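Trainee: I would like to go through a structure and ask for the reason behind each label.
Mentor: Go ahead, and I will set each value against its cut-off.

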Amino acid sequence: SSWAEAPGPAVAMRVVALVSGGKDSCYNMMLCRQYGHQIVALANLLPPDDEVQELDSYMYQTVGHNLIGAYAECMGLPLFRKRLGGTSKSIGMTYERTEGDEVEDLRALLAEVKRRVPDVEAVSCGAIRSDYQRIRVEGVCDSLGLASLSFMWRRDQSELMAEMVESGVHAILVKVACLGLVPEKHLGKTIAQMRPVLENLHSRFGVHVCGEGGEYETLTLDCPLFVLGRIVVDEAAVELDETGEAGNYAVREFHVERKLDGGG
């Protein structure tokens, strides 16, 4: 299989990174670089409507999608985007090509990247423990002759979270939906601030430290790969669901703050 579970052979590949805006897709890009690969482009699936901050999608994080353009600006890379037309139709543990399924949106997006960047060889994916996601991304990559690089797959989540914080992934919580996380208190906090809270919830309630059970989602504002700038949130609002127990951090205004000399 082309699925990379550990650092592969020392063959540098040109990689398109699937980015959601969250910490996982960002950190996997950093691991690709660490293992000698080159990120040459970013790819992202957009919700059908810009006003919708959260889709009920099995596959893709969509909260914070309006900042993805700033990602490409901060990294100085081309960004390829496609609107999600499909929904989660084929939801079994295996995936057969299904017209109108969101997986076909991903296939079309990566096929377009291959057309425009013909020497791309691999795809960076931030999956940690979702077999659902892994099987589908791997299947799409295989069909397009691309390697699938997912260096965080099945790694210990406490270790991963510690590594992300220590390696300079500056990400904030933009969605919370689990026992022990309080929208007004925890939305907008950094993963560094939240790490002890999440470790505590893990030991008490079995909460996934990296949010792999849908407990929370993040938005990366800065990381070492953002060589040209960092994202600064100027205005954001906490939006609660009807229960008041879950909520989104809706970023209304932001700007890119330039980094001098392409670093720091």
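The questions and answers below deal with a predicted model.

Trainee: What makes Tyr71 and Phe226 an aromatic pair?
Mentor: Ring centres have to lie within 6.5 Å. For Tyr71 and Phe226 the value is 5.0 Å centre to centre, so the two rings pair.

Trainee: Why is this pair called edge-to-face?
Mentor: Planes over 60 degrees apart count as edge-to-face. The planes of Tyr71 and Phe226 stand at 70°, so the label follows. The structure holds two aromatic pairs, and this is one of them.

Trainee: Which parts of the chain does the pair tie together?
Mentor: Tyr71 belongs to helix H2 (residues 68-75), while Phe226 sits in the loop between strand E8 (216-222) and strand E9 (229-240). These parts are 155 residues apart in sequence, so the pair links places that are separated along the chain.

Trainee: How do you know whether Tyr71 and Phe226 are buried or exposed?
Mentor: Buried means under 20% relative accessible area. Tyr71 has 0% and therefore counts as buried. Phe226 also has 0%, so Phe226 counts as buried.

Trainee: What else does Tyr71 touch through its side chain?
Mentor: The side chains of Tyr71 and Thr220 are joined by a polar contact of 3.4 Å. The limit for such a contact is 3.5 Å, so the value passes. Thr220 is in strand E8 and is buried, with a relative accessible area of 0%. A polar atom of the Thr220 side chain also lies 3.3 Å from the backbone oxygen of Gly22. Beyond its neighbours within four places in sequence, Thr220 is in contact with several residues, including Gly21, His170, Phe226 and Ile231.

Trainee: Why is Ser143 called partly exposed?
Mentor: The partly exposed class lies between the 20% limit for buried and the 50% limit for exposed. Ser143 has 37% relative accessibility, so that class applies. Ser143 is found in helix H4 (residues 131-144). Its side chain makes a polar contact of 2.8 Å with the side chain of Arg107.

Trainee: What makes E9 and E10 paired strands?
Mentor: Two strands pair if there are at least two bridges between them. E9 and strand E10 (residues 247-258) are joined by 11 bridges and run antiparallel, so the condition is met. Within this pairing, Val233 stands opposite Phe254 in E10. The two strands form a hairpin with six residues between them, and Gly244 in the turn has a positive phi of about 80°.

Trainee: How do you know that E7 and E10 pair as well?
Mentor: Strand E7 (residues 170-176) and E10 have two bridges, in the antiparallel sense. The rule asks for at least two, so the pairing counts. Lys175 stands opposite Asn248 in E10. On the other pairing of E7, six bridges join E7 to E8, again antiparallel, and the bridge partner of Val176 in E8 is Tyr216.

Trainee: Why are E8 and E9 called edge strands?
Mentor: The four strands form an open sheet in the order E8-E7-E10-E9. E8 and E9 each have a single partner strand, so one side of each has no neighbour in the sheet. Neighbouring strands are turned by 25° against each other on average, direction ignored.

Trainee: What makes E7 largely enclosed?
Mentor: Six of the seven residues of E7 are buried, so the rest of the structure largely encloses that strand.

Trainee: Where is the kink in helix H7 centred?
Mentor: H7 (residues 191-205) has a kink of about 25° centred on Val197. Ile191, Met194, Leu198 and Leu201 are buried in this helix.

Trainee: Why would buried residues in a helix be spaced three or four places apart?
Mentor: An α-helix has 3.6 residues a turn, so residues at that spacing point the same way. The cover over the buried residues of H7 includes helix H1 (23-34), helix H5 (157-166) and E8. In H5, the buried residues pack against H1, H7 and E8; Leu160 and Met164 are among them.

Notes. Residues are numbered from 1 along each chain as its sequence is written. Side-chain values use heavy atoms; hydrogens and water are left out. Rings of Phe, Tyr and Trp (its six-membered ring) pair if their centres lie within 6.5 Å; planes under 30 degrees apart count as stacked, over 60 as edge-to-face and the rest as tilted. Buried means under 20% relative accessible area, exposed over 50%, partly exposed in between (1.4 Å probe, protein chains only). A polar contact is a pair of N or O atoms within 3.5 Å; within protein, one must be able to donate a hydrogen and the other to accept it, and residues adjacent in sequence count only if both atoms are side-chain atoms. Axes are lines fitted to C-alpha atoms, for helices over the stretch in contact, and angles run from 0 to 180 degrees between N-to-C directions. The bend at a residue is the angle between axes fitted to the seven residues ending there and the seven starting there. Contact means heavy atoms within 4.5 Å.
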